[in-house]
Each structure stands twice: as structure tokens, then as C-alpha cells.
Amino acid sequence: MANLVYKRVSTDRQNLVLDEAGIEDPVVFEEDAGTSSRLHPLQRPKFADLLTYARPGDTVHTSEMFRLVRGTQHVLDVLDVLHRDRLALRIHDGAFSAMDLTARHPRTGELLSTVRFMVQTLAAAGELQRDLQRELTYDGLRAAEAKGNKGGRRPAVAGETIADVRAAYLDGQTIAALAREHGVSRGAVRTAVADLVPEHVAADEGTPAPELPVTLDMPGKVADFLRATELDDAERAALGHGVAVRRGQGYTLRVSITPAVHQQLLARCQPLDGTSAVPAQRKARREYENRVNALPTASLR
């Protein structure tokens, strides 16, 4: 049985906690620094690698629960997947370290109501703490802006130099020559003259923004039907990258794709609304249809 250590971002505190835990022969999975903490843990690359590597009986270790999750639903989703794969979870620091998160009802297999209550309470408290920190940060930024201070990296070409650079560029001087003259990068010069570059095209307000992926829970009966249906590559890939989340005796498939592909999949499962489908399949299709139709109108254009 292996000990699998998950790190979202390596910190001195996190490393100290895990080192003091004395984990034997750990296999470490550490997310890249650029991986967003807002991403659902089941969609993070390294945590997905951990679940692929894991075998029943293995133990997943993390220094603190909120290194792995951000909110209540994330906690419950991760616990469902770990239970499905028969993996143990060990939290080494924070409020969750004193809890047995694997305690489930012997007959239904669901989380004990007391464990679920404590998970929801502690996760909500963690969310409140992060929200308060975020509000204080925004208040500080607004106060700094009121004093004329702006955050972020200072521009390499600033002040009167910008006017000189722009005038020289309009007179025919090249970007490379301006960069050498002012001792800055070509990128800094391009930023200063971006709206003057011939190939610069102003954004057309009438052009729709590109579609972004939307995460929806697809009922398991719909997913099972679609897997047996002829799909195109994008639709097949969407199902293949979906995350199964157990719901009692069934499951839902958490799928992150553009609204257009959600619409395509909904159209594919139209036969489930016919007389040949059982009531449970018809109900599952209607649930998926309601979720797709509930997406903002603009995202479905």
C-alpha cells in the first residue's frame, strides 16, 4: 500500500508539516505553480495523476484540507471519489486533522450524518475566512488607488519617454532601434505603440466573445446512453475527460465543455425522451436538458 502526497503549491509550512508526519516512502504529486486554486480539485492535472496512479488501499496525504479543496462541495466530491476508489485520506494539519473522514454508513455507504455536518461546518468556516481576507485585500487596493498608487509591474517605458517613443515611431524609426536607444525590450516598445502598429485592429464590439467551458453535472443514465452512441471527436473527448461523482447508488458525470457541445450532447440523447426509454432515462434526460437550458442565453448563441 502506497503513501501518496498531494501538494498544491510548495511552501515552507506545508513541507514542514509533511516532513514531521514521517510518511514512509512517499510518492509526491505537486501541482505546477500556475495551476489555479479555483479549479475543481478533480480537474487539477497532478491530482488527476494521483488518482490514476493510486490503487485500492493506498493513502492520500496532504498537509491541510484547503490545500486540496476550496469549498464544501469540493470536499464532498473528493470524498466520494476517494471512497469509490477505496483510498484513505489523511490530513496532517488544521481542523480536519482530528476527523475520520472515511466514516460511512455500513449499509448505504454514504458519509455518516455527523461527519457530513462537521465537513460542511468546517468548510463553510474556511470559505468565510477566505472571503474576509479577499474583502480586506480589495479594501487595501482601493485605498492605495485613492492615493494614486497602482499595483502591478511598472511600465518599462513611462512618463515623457512614452511620448518620445511614439513620436519617433510615427517618424519611421523601427521598434528594434527604439528598444536599443532607450535600453528596454522590444516588447516594452510594442506596448507603448500598440495602437499605432499598422496591423493593430480595434476590437469589434459586435464580435461575440469566444465560448468558455461550462461545467455541468450530466446524469449517469444520460452518460451511459451517450457512450453507446456514435459521437464526434469533441463529444467523445468531453465524456472521456468527465469526472464521475457518486450519488447514492448512481452517479453523475461532471463535464467541462463549451455550451455548444453541451447542446450537441443534449440533441444526441433525444431518443431518451421516446417511448422506448424507461422512466428513469426520460427523467435523467430532462434533468440534463434543464441544466443546459439554464445556462446564460448569451453563452448559447
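**Note on a helix pair and a three-stranded sheet**

1. In this predicted model, helix α5 meets helix α6 through a small set of residues: Thr 161, Val 165, Ala 168 and Tyr 169 on the α5 side, and Ile 175, Leu 178 and His 182 on the α6 side. Sorted by type, the residues of this contact are 5 nonpolar and 2 polar, with no charged ones.

2. How do the axes of the two helices lie? Helix α5 covers residues 160-170 and helix α6 covers residues 175-182; their axes come within 10 Å and cross at roughly 150 degrees. The crossing of α5 and α6 is right-handed.

3. The second item is a sheet. It is open, has 3 strands in the order β5-β7-β6, and is paired in the antiparallel sense. Strands β5 (214-219) and β6 (243-247) are at the edges with a single partner strand each, so one side of each has no neighbour in the sheet. On average, neighbouring strands of this sheet are turned by 30 degrees against each other, with direction ignored.

4. Which residue of β7 is the bridge partner of Val 245? The partner is Thr 252. This bridge can be viewed alongside the pairing of β6 with β7 (residues 250-257), which is antiparallel and runs over 5 bridges.

5. A helix also packs on the sheet: α8, residues 220-227, touches β5 and β7. The direction of α8 makes about 90 degrees with that of β5.

Conventions:
Residues numbered from 1 in each chain as written. Predicted model: local features only at pLDDT ≥ 70, side-chain atom pairs only at ≥ 80, totals over all residues. Heavy atoms only, no water. Axes fitted to C-alpha atoms, helices over the stretch in contact; angles between N-to-C directions. Helix = DSSP H or I, 4+ residues; strand = E, 2+ residues; numbered from the N terminus. Left-handed = near helix turned anticlockwise from the far one by under 90°. Contact = heavy atoms within 4.5 Å. Nonpolar A, V, L, I, M, F, W, Y, C, P; charged D, E, K, R; others polar. Pairing = 2+ DSSP bridges.
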